[in-house]
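This report covers one helix, the nonpolar core and the main pocket of a predicted model.

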Amino acid sequence: MIIRKWALVSLSAVPLLLAGCDSENLDDVQDATIEIDRIKGETVETFNQLVMSEADLQSHFDETMETDDDLATLGDESSSVFENIASREEIVIELENKQSEFEEHQETLTSYDGELLDHEEVNAVNDSVSDFNTHLSSYIDNYKTSLDNQRDYFTGLADENATYDDFVEGIDQINDERVTLLQMFPEIDGALIAINGQLSTLQSSIDAQLSEEE
């Protein structure tokens, strides 16, 4: 009888335990949206750093051409153009880190299984972030390729067999790749705008639900 009694008690306790679980998890969802908003802002700042650093490349190249007659600093990669390339590589890595952070907080939204929030609103934020990450991945891949090509181009200028045509063609390639990267900005910008709108809607819903609980 004692064993049977404890079995019944255990079974009756299950609904109580389930009821005690916070399936809504509104605080965690709210934290995730706040973090996504923060990461979004930091990503924009990182993009701005990349653009500013890229703009400095010309002055570094001009300085090298003016002060290094035999372009030895290009051959041994001691020219400041390579510092600029390395700096932009680090910024690109930071963009990749932002992607990982986005995905981490997306998991919180994906795990939401409550009833108080509209799942379409939650999914909309996830979809917007995923769309942004897709465009960002494409941009990063293209930018990495461009950086590799720039490094090869500048070191190649120091080669004794380099010609004026090599010089001009390399500049044209760098400029063409830059145009390609710039053409990717509208999609990236559009994805960021979408995240803004979807986040605002979801955060308003979360705030409304949390206010009702107070």
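## Helix α6, core and pocket

In α6, the buried residues (under 20% relative accessible area, 1.4 Å probe, protein chains only) include Gly-170, Ile-174, Glu-177 and Leu-181. They lie on the same side of α6, because they cover an arc of only 65° around the axis, taken from the directions from the axis to the C-beta atoms. Helices are DSSP runs of H or I with at least four residues, numbered from the N terminus. Tyr-164, Asp-165, Glu-169, Asp-176 and Gln-183, on the other side of α6, are exposed, that is, over 50%. The cover over the buried residues of α6 includes α5 and α7, contact being heavy atoms within 4.5 Å.

The model is predicted: local features need pLDDT of at least 70 and side-chain atom pairs pLDDT 80 or more, while totals for chains, interfaces and linings use all residues. Residues are numbered from 1 along each chain, and side-chain values use heavy atoms, without hydrogens and water.

The largest nonpolar core (buried Ala, Val, Leu, Ile, Met, Phe, Trp, Tyr and Cys joined through side-chain atoms within 4.5 Å) has 44 residues. Among those with the most contacts inside this core are Leu-109 and Phe-132. The helices below each supply at least two of its residues.

| Helix | Residues |
|---|---|
| α2 | 26–67 |
| α4 | 80–110 |
| α5 | 119–157 |
| α6 | 164–183 |
| α7 | 185–213 |

The most comes from α5, with 12 residues.

α2 gives the most to the lining of the largest pocket, with 6 residues; lining residues have an atom within 4 Å of a point on a 1 Å grid, and a pocket is an open set of points where a 1.4 Å probe fits, with protein on both sides within 12 Å along at least five of seven lines.
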